[in-house]
Every structure is written in structure tokens, then in C-alpha cells.
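Open the model in your viewer and keep the selection tool ready. We will go from place to place, one selection at a time.

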Amino acid sequence: MDDIILHTKDLAVGYGGQAVLRDVTFSVRRGEIMTLIGPNGAGKSTILKTLARQLSPVAGCVYLGGEDLAPMHGNALARQLAIVTTERPRAELMTCADVVATGRYPYTGRLGVLSPADRDAVADVMALVHVTELSGRDFSRVSDGQRQRVMLARAVCQEPDVLLLDEPTSFLDVRYRVDFLTTLRALAREKRIAVVMSLHELDCAERISDTVLCVRAGAVDRVGRPEEVFTGDYIEALYGMEPGSYRAFFGGAGDRRFFQNRACESFPCHGGVDEADFNCLFCFCPLYALGERCGGSFHYTEKGVKSCVDCAFPHRRENYERVLARWPELSALAKGKDHGV
Amino acid sequence: MEGRKRRCAWAFALLLALLLALLAANLSIGSVRVGADELRDALRARGAVETLGRVVWTLRLPRLLAAALLGGALAVSGFLLQTFFANPIAGPFVLGISSGAKLTVALMLIAALACGRTPGSAAMIGAAFCGSMLAMGFILLVSARVRNLSLLVVCGVMVGYICNAVTELVVTFADDANIVNLHNWSMGSFSGVRWSNVRVIAWVTLAGTALSFLLSKPMSAYQLGEGYAQNMGVNLRRFRLELILLSSVLSACVTAFAGPISFVGVAAPHLMKSLFRTAKPIVMIPACFLGGAAFCLLCDLLARTLFAPTELSISSVTAVFGAPIVIWMLLKRKAA
């Protein structure tokens, strides 16, 4: 139980004494990721701002490490809690290393001069978040994906117990998004940081979270593990969509966790295979790129797309983990093929 | 990292050399040219006897000290405002704060002169500070309503015009004897500064700059944005108040003694940022002070000598140098 680092009690959040959300109760453990999902304007950012003490609670309390957040000294709070906001930092004439170094703020003296130990900490964190090569680059000239990583490094540099992120992946393309979230998960586990963030990408939320908190219409609707939340038509209900419309677009049925890409030009490329059998890796088959050597039988369509007939890895949900376990080996094979080996 | 430190050291050395050269030039160049030997004698004698010594000691030295200190104060004040509004074209003149101070000082002067008294330095600074705060209050009200930075600057310029108009009106109806004085002052000039003034100026500007320097840590956090500053443990409310008060005191001190001086508050910090290639307050505050001092010394030298014996108003010289820099910055911002 003492692993719980952040919890709330009867929390109501809002602006100017007007509650937007009531009865926000949850707890987050060290090393765990909690994701807030819900429609725009439901109050995800309001919760995050309250947790960061940028807003005071309308009612109830936030406890950080068992201590009430409200009377905490600013510097003490800064050493325990760091944020990555949607605010675009206006860093004039600052290199990425300078921006990361601002995370050392709560640890420096009156004038904020960095000690050698602080500089080492900055370098370590930058290596951990894979932004070392950006050190000397002008922060205002890096891409969105790089910027988010730098801001993550800055927050980690604060050596927090709790990390709050407001829609950290919103401007990122799929590659950067996966990159960012993978790094975030590794950080949370390694440094035992509790992460609370809001996400719009439900597929990401489903995969990365230990806990999902659903916010709707003035209340917290559900809190639970992803598989408890992403069931049936719940997503449609949460976002006020027609029942079944989310799946009609993204595919899947029942409690399926992965989505078919019906928008794909080759859909359904697995001709003849029962739909229930290949819902997950449909468009991301790790063996696909192996071409002739994938081990299954297939033919090429008129569009030149490989269409599997008898897959070596029947795309059943239970096979997904097995595919991932073999992924390093498979991707090495795929790379070998690219280089004409 | 090392390269940057070297650049800073090099830039500071350059700045100091420039400042010393300008100080020397300001001492020796003028209606009477003063050579190095004569200068040394004059300074040693503290203006006791000869005419030349008196010129140097009672006219030039206080004037150049005032120009340097007030120029530095203006640049620091501009840098504080730029940090506060996160806008590189904010400055005491652009936002109408100097004009607000000018109005209250003019009112105070006329009232005091009507009673047959000459107000002291403290009263002048006090009046200027009240005017600064009034104009600042208005700008803050506007900035709470509009987030658009250009609009803020337009509002500031308008406030400046209104204050100038009222000042003109007041000056027009003042006693004939005072008009000339008031008119000179309201155009901006370093002439007529006495040693007693210099003492007050030195106290206020140096203390203000030192206090600003102590704020450089929260300022550097604030430069990232309010949310981040708050998260890093900055007490935002207190910090903002300190920033506003310091920038107002500094620019009020300038207006009280030299009238409104245009564009130094914008141009000097910008030049310093380009020279030092950083916006870190811990470097920028001393750099701005030195840079502003050098800028004003140069402008004052030109104002005195360009069309001697006629003296130009300091604002018209600073505008010639400063305004193009501001325009260039606006264009660059637009492009970025």
C-alpha cells in the first residue's frame, strides 16, 4: 500500500469555485501509468491542473506521498512533481540542453547556477530519453516530436515522484507517438515514477496504461484496468457516439482489443481467412515484410499487395504476444532482406 | 558549453572597453575640447578653480554619469518588461509607461512651481513612479483581456499619445517662465543634471538593477511559460509584482531626471541578446545595464555635438538608432 504516491479524496475540480467534475477519487502507485480519457471539455486538463496545483480544488484534497498538496512549499512540490503541458514553451535563444537544465531549478541556489552534479544529471537524463544528440541544437528549431522528448527530459530532470502530462502526443505522427510512449513507459518503470496523463488516442491509452480513468459529463465515469474499461460499446457511450460507430470505423467486435484498418486500400487482404482470426495484426503483420520467407502461403494481388492465404502466425489474439516475443529476431531478418542478404 | 562561456567573457570585455571609450569621449569632446592631461588635472582638482575644470566637473561628469546610469536602467527595465509580457518589443516607452510618468511629473512640477517651490529628487521619482504605475495598471488590464501582443503594443502607443497630449496641454497653460524648462525636459535630455541628482540616480538604478539580478532565477523559469514556472516552484503572484515594481521604479527614475527616452528599452536588450547569443537573465541583466549605458552615452554624445551649439533632444537620437531595430525585429518576428 505504501507504494501509492498520489491519491485524491472527494476531489472536486473546477474554476472559480464552480466544480466541473465531482467525486474524482483515484490512487496511483509508483511506476504506474494512469491515463485520463474522455471527450473534449470533460475536464481532463482541469484534473491535471489541480494535481499540479495550478488550480486549487473546489472541494476535497490531493495527497502527494500521503501529504496534503495545498500547503506544500513551492520548491518541495517542484522536487516531487513535474509537468509537461500543452503550452508551447517560448524558449528564446536556448539550446535543448538549456531547456532540459531548467528542470534542475528546484535543486540550484539563489541565482540558479548549475553545479557540475547538476550538469551530469542533465546529461544522464538526456541520454535516457535519447535526446543527447539534440544538446546543442536551438530548441525553437527542433521538430514537434523532438520537442516533446526534450520537454519530457526536462520534467524527468526534476527527479519527480509524479509526472503529469497533458496530451503529450497530440502533435506527433505515429512514429514519434510510439517512440514517446515507449520511452515514457520505460522511464516510469525504471525510475519508479507515477505517470498521470491525458490522451486522445484511445489505442495508445489502451496499450500503455495500467489504469484508465474515464471522464464524462461532470463525473468520473469509470476507473479501471484497460481491459475493464474498453469493453462492449463503452467507448461510444463515453464519447456520446452512436453505438457501434467507433468499431464500424476502426473495426473489431466484442471485447477485441485491436483494430482492423478498414480504411486500408487492400482490405480485406487476408482473403479466405475468417475475420475473427486476424483482427489484431491485420495491417501490421511482422512477417509481412519477410516476403517469400514468412513461412506461410500467399499470393500477390493486382495492386502488388501480399495477400496471405495460410499464415504462419495465424493472427489470433493469443498469438500476438508470441509474435512480439520473436520480434527482435524477425525484424533482424526483415532488415537482412532489405540489404539483399 | 565552454564556447559559450568564452563568448560571454569576450562580449563583456568588449562592452566594458566600449563603455570606457565612450566615457572618455564624453568627457573630452564638446564645445571645449579637453585633452587627457587637462582631464586628469580637472578630475584631481574636483572642479575647484579653472573654467575648464569646472566644465568637466560640474557639467560633463554628472551628465555622463547620469546618461550611463539611466541608460542602463532603461535597458534593464525594458528587459524585465519583455520577460513579463513574453514579447521582445515591450519596453517602457513602447507601452506608454514613460509617457504616464512624464504626465505626472509635469503635473507635479507645475503644481510645485506654482507654489514657488522646486521639487527634490525624491518627489520627482515619486511622481514618476505613480505615473508609471498608472500606465502600467492600464496596460495590465488590457493584457488580461487580450492575449494578442501586437494589440498590446498598439494600446501602449495610444496611452503614450494620450499622456503626451495631456502633458502638452498642461505645459501650454503653465507660467511662461516654466514653459521653456518643462518643454526641454518633456522632450528628453540629460542636460542640467547636478551632482545631487547623480547620487540619487546611482542609488535607485544600481539598487534596482541589483534586485533585478537577484530575480534572474525565477525569470529564467518564467521565460519557459507560466505553467512551467509555477511547477518549478516560482510564486507567480509575488514574482510578477516584483517584476512590475522593479521595471516601473527603473523607468520612473529615468523619466524623472531625463524625461521620456525612446526605444533604448527595446533596442539595447535586443542588441545584447544578439551579442551574447543568449537570453539568460543572469547574463542579460548586467549586459543590458552596460549596453544601455553605452547606447545612451553614444546617443548623448551625438545629441550634444552633432549640431553644436544647438542640442538635440536625446529621444530624437535614440529613436534614429532604436526605431529601425524595433522595425527590423517586428519584421523578423513576422517571418518566424
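Select the residues where chain B and chain A touch. This is a predicted model. The contact takes 21 residues from chain B and 21 residues from chain A. Now look at the chain B side. Which elements give two or more residues to it? They are α9 and α10 of chain B, and α10 covers residues 226–231. Colour this side by class. You should find eight nonpolar residues, 10 polar ones and three charged ones.

**Next stop: the two domains of chain B**

Select residues 89–260 of chain B and give them one colour. That is domain 1 in the domain assignment. Then select 264–336, which is domain 2. How far apart do the C-alpha centres of these two domains lie? The distance is 18 Å.

Zoom in on where the domains meet. Domain 1 of chain B brings 19 residues to this contact, and domain 2 of chain B brings 17. On the domain 1 side, two elements give two or more residues: α8 (195–214) and α9 (216–222) of chain B. You have met α9 already, on the side of chain B that touches chain A. Colour the domain 1 side by class as well. It has 10 nonpolar and nine polar residues, and no charged residues.

**Next stop: the largest nonpolar core**

Select B:A66, B:L70, B:C253, B:F257 and B:C288. These residues have the most contacts inside the largest nonpolar core, which has 87 residues. Which helix gives the most to this core? Select residues 51–85 of chain B. This is helix α3, and it gives 16 residues. The domains take part too: the core draws at least three residues from each of domain 1 and domain 2 of chain B.

Now centre on B:C288. Set aside its neighbours within four places in sequence. B:C288 is then in contact with B:A75, B:V76 and B:F79. Its other contacts are B:A268, B:P269 and B:M272.

Another core lies apart from this one, with 83 residues. To find it, select A:I5, A:V20, A:A97 and A:L213, which are among its members.

**Last stop: chain A as a whole**

Show chain A as a cartoon. How many helices and strands are there? Chain A has 12 helices and 13 strands. It has 341 residues, and 37% of them count as buried. Finally, consider contacts in chain A with a separation of 6 or more. Residues 24 or more positions apart account for 64% of them.

Conventions: Residues numbered from 1 in each chain as written. Chains lettered and ligands numbered in written order. Predicted model: local features only at pLDDT ≥ 70, side-chain atom pairs only at ≥ 80, totals over all residues. Domains from an automatic or database assignment. Contact = placed C-beta atoms within 7 Å. Helix = DSSP H or I, 4+ residues; strand = E, 2+ residues; numbered from the N terminus. Nonpolar A, V, L, I, M, F, W, Y, C, P; charged D, E, K, R; others polar. Buried ≥ 20, exposed ≤ 12 C-beta atoms within 10 Å, placed from the backbone. Core = buried A, V, L, I, M, F, W, Y, C linked by C-beta atoms within 7 Å.
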